[in-house]
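Hi everyone, thanks for making time. I'll put the structure up and then talk you through a few parts of it.

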Amino acid sequence: MKALTVRPGFTHSGEMIELAPPASGEGAILVRGLAIGICGTDVEIMEGTYGQAPAGDDRLILGHESLGEVVEAPASSGFSPGQLLVGVVRRPDPEPCDHCAIGEWDMCRSEDFRECGIKEEHGYARESYRLDPQFAIPVDSRLGELGVLLEPASVVAKACALGVHFLKRTDVRARTALITGAGPIGLLAALATRYYGLETYVVDIVNSGPKPDLVRDLGAHYHAGSAADLDISPEVVIECTGIGSVLRAAGAKAAPGGVIALTGISAVPSTEEVNLSLFNKKMVLENKVLFGSVNAARSHYVTAAKVLADADPAWLGRLISRRVPADRWPEALERHPDDVKVVMEIGPRGRAA
């Protein structure tokens, strides 16, 4: 089988190579790889600034945003041939910490967790692979190829779940959400907050291209500029850029008692641009909650699958701005001005694995 691999820590090391089919011991479910979504993490790994190969291997199979089709599966797995699925990214610590022991792999307390296509575990950019049923998430057949959006949607689902948990400190209902950044995570965050009935504002720097229309077609508000320009007091803020100045403006807008979820990590060099003492004072005096959220547990994938299944498929389809065949994989890692989500197509459904 063919697989897209990289040598972590080395630039220009990406290569599509031939590998042996997956061994039966790797998981009870045999999966035909259909597609992977490309995100900034994949680009960083390709550039040699991130990523770690599995122990004893000098190459890492790329791809953490997956979509596959079941080829064979035992009846006890709950899956059947032809069914679409997505693979969970994070795998638990081999010596389970308190969180890993109860299935909360996303909250692992050690550094020994693994992440498919990122850290010490091969990813999904290959023609076939095997999954243990606990790491396989069923995809509604109506979604089809749009199921490749499930992994990034699970990140948003986790941030929302934690935000709802913190908002339960009071019986006052949240009404307004602010999303910073209109990339795939930001747009999916807007989808989620609209799904839960919140008036939603999305801030980004672009004033043309597909993003403004995608936001408005959700019934949300789009603003090109800074959150500081908006006359709002949102109870929910989801920060998706990882840029300190953007967080500062959005955090200042958060309502007293509001929650601020950080989901973005920026490659922009760190600076002392935020006055932490002032930031601390505002957080304390206004009873705000600031928390980081990354990756997802199985429960968040399941929630995300429900949100996607209920969404307008035509709107979801517009999130996929480019589809690149596997034999032209370098094009998938290029950044185009109007890109939202780029998908690398590994193979069609029904082809022999």
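I'll go through the sheets, then a helix packing, then the cavities.

Just so we're all clear, this is a predicted model. Let's start with the six-stranded sheet. It's open, the strands go 14-13-12-15-16-17, and the pairing is parallel. At the edges you've got strand 14, residues 221-224, and strand 17, residues 289-292; each has a single partner strand, so one side of each has no neighbour in the sheet. From one strand to the next, the twist averages 15 degrees.

Have a look at one of those edges. Strand 13, residues 199-204, runs parallel to strand 14, with four bridges joining them. If you want a landmark there, Val203 has His223 in strand 14 as its bridge partner.

Now helix 2. It lies across strands 15, 16 and 17, and its angle to strand 17 is about 155 degrees.

Helix 2 turns up again in the cavities. How many cavities of 30 Å³ or more does the structure hold? Two, and the largest has about 80 Å³ of space. Helix 2 (150-167), helix 3 (184-195) and helix 7 (298-310) each give at least two residues to the lining of that largest one. Among the lining residues are Ala153, Cys160, Leu191, Tyr196 and Val307. By class, the lining comes out as eleven nonpolar, one polar and no charged residues.

Last bit: there's also an open three-stranded sheet, order 7-8-9, with mixed pairing. Strands 7 and 9 are its edges. Strand 8, residues 114-116, pairs with strand 9 in the parallel sense over two bridges, and Cys116 sits opposite Glu121 in strand 9.

Definitions and conventions. Residues numbered from 1 in each chain as written. Predicted model: local features only at pLDDT ≥ 70, side-chain atom pairs only at ≥ 80, totals over all residues. Heavy atoms only, no water. Pairing = 2+ DSSP bridges. 1 Å grid on protein atoms, 1.4 Å probe; cavity = no way out; pocket = protein on both sides within 12 Å on 5 of 7 lines; lining within 4 Å. Points joined across faces, edges and corners; volume = space filled by probe spheres on them. Nonpolar A, V, L, I, M, F, W, Y, C, P; charged D, E, K, R; others polar. Axes fitted to C-alpha atoms, helices over the stretch in contact; angles between N-to-C directions. Contact = heavy atoms within 4.5 Å.
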